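Hello,

Here is the structure I am handing over to you. Please keep it open while you read the notes below.

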Amino acid sequence: MAGHRIPIERQTVVLLLLSGTLAAIAGVMYTMQVAVNTSKIGEGMEFSAVAAVVVGGISLFGGRGTSSLAVIMGSLIFQIIRSGLHSRRQSYSYRLVEGVVIFIECMRTH
């Protein structure tokens, strides 16, 4: 068993390193913004991440995707929606809007 290497493409390793680094930077920035550190700080944000990726053009059914710029634009769209609903004191309706947008996007791409 000694001496066997698992073939991993250089691109995969670089992308995983980049992803981890960006996640760490985002975590530090978020902690600085809310000025508190707890293990539950990002709880419930998974759905928002999936929503931004789907609107950015990545298919939930696999096999299709677009550039990182499109995913960043999807994130910005949801942040604008969140800010608009929050300013109108309707922050609880944000999850409903996210779900509707994901549903419409999945129906459109599938």
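Start with isoleucine 25, which is found in helix α1 (residues 10-34). Helices here are DSSP runs of H or I with at least four residues, strands are runs of E with at least two, and both are numbered from the N terminus. Isoleucine 25 counts as partly exposed, because its relative accessible area is 43%. The cut-offs are these: buried is under 20% relative accessible area, exposed is over 50%, and partly exposed is in between (1.4 Å probe, protein chains only).

Two notes on the source. This is a predicted model, in which local features need pLDDT of at least 70 and side-chain atom pairs count only at pLDDT 80 or more, while totals for chains, interfaces and linings use all residues. Residues are numbered from 1 along each chain as its sequence is written, and side-chain values use heavy atoms, with hydrogens and water left out.

**Overall picture**

The protein has four helices and zero strands. From the N terminus, the order is α-α-α-α. Of the 110 residues, 13% are buried. The accessible surface is about 8900 Å², and carbon and sulfur atoms hold 66% of that. Areas come from the Shrake-Rupley method with a 1.4 Å probe; for residues, only the protein chains shown count as cover. Among contacts (heavy atoms within 4.5 Å) with a separation of 6 or more, 39% join residues 24 or more positions apart.

How confident is the model? The mean pLDDT (the predictor's confidence in each residue, from 0 to 100) is 76, and 79% of the residues reach 70 or more. Confidence is highest in α1, at a mean of 85, and lowest in α4 (residues 94-109), at 76.

**A patch on the surface**

Isoleucine 25 also belongs to a nonpolar surface patch, together with Leu15, Leu18, Leu22 and Met29. Their accessible area together is about 490 Å². Patch members have over 30% relative accessible area and no salt bridge; like charges are joined within 9 Å, and nonpolar side chains (Val, Leu, Ile, Met, Phe, Trp, Tyr) within 5 Å. A salt bridge is a side-chain nitrogen of Lys or Arg within 4 Å of a carboxyl oxygen of Asp or Glu.

**Helix α2**

Which residues of helix α2 (residues 46-55) are buried? They are Ser48, Ala51, Ala52 and Val54. Seen down the axis of α2, these buried residues fall within an arc of 165°, so they line one face of the helix. The arc is taken from the directions that run from the helix axis to the C-beta atoms. Some background: an α-helix has 3.6 residues a turn, so residues three or four places apart point the same way. Just after α2, glycine 57 takes a positive phi of about 115°.

**Helix α3**

Arginine 82 is found in helix α3 (residues 68-87). Arginine 82 is partly exposed, at 29% relative accessible area. Not counting residues up to four places away in sequence, arginine 82 touches Ser48, Tyr94 and Glu98. Its C-alpha atom is 9.7 Å from that of tyrosine 92, 10 residues apart along the chain.

Alanine 70 lies in α3 as well. Alanine 70 is partly exposed, at 23%. From C-alpha to C-alpha, alanine 70 and valine 53 are 8.4 Å apart, with their positions 17 residues apart in sequence.

**Helix α4**

Arginine 95 lies in helix α4. At 40% relative accessibility, arginine 95 is partly exposed. Which residues does arginine 95 contact, leaving aside neighbours within four places in sequence? They are Gly44, Phe47 and Ser48. The C-alpha atoms of arginine 95 and serine 48 are separated by 8.4 Å, at 47 residues apart along the chain.

Isoleucine 104 is in α4 too. Isoleucine 104 is exposed, at 51%. Isoleucine 104 and valine 55 are 49 residues apart in sequence and 9.6 Å apart, C-alpha to C-alpha.

Best wishes
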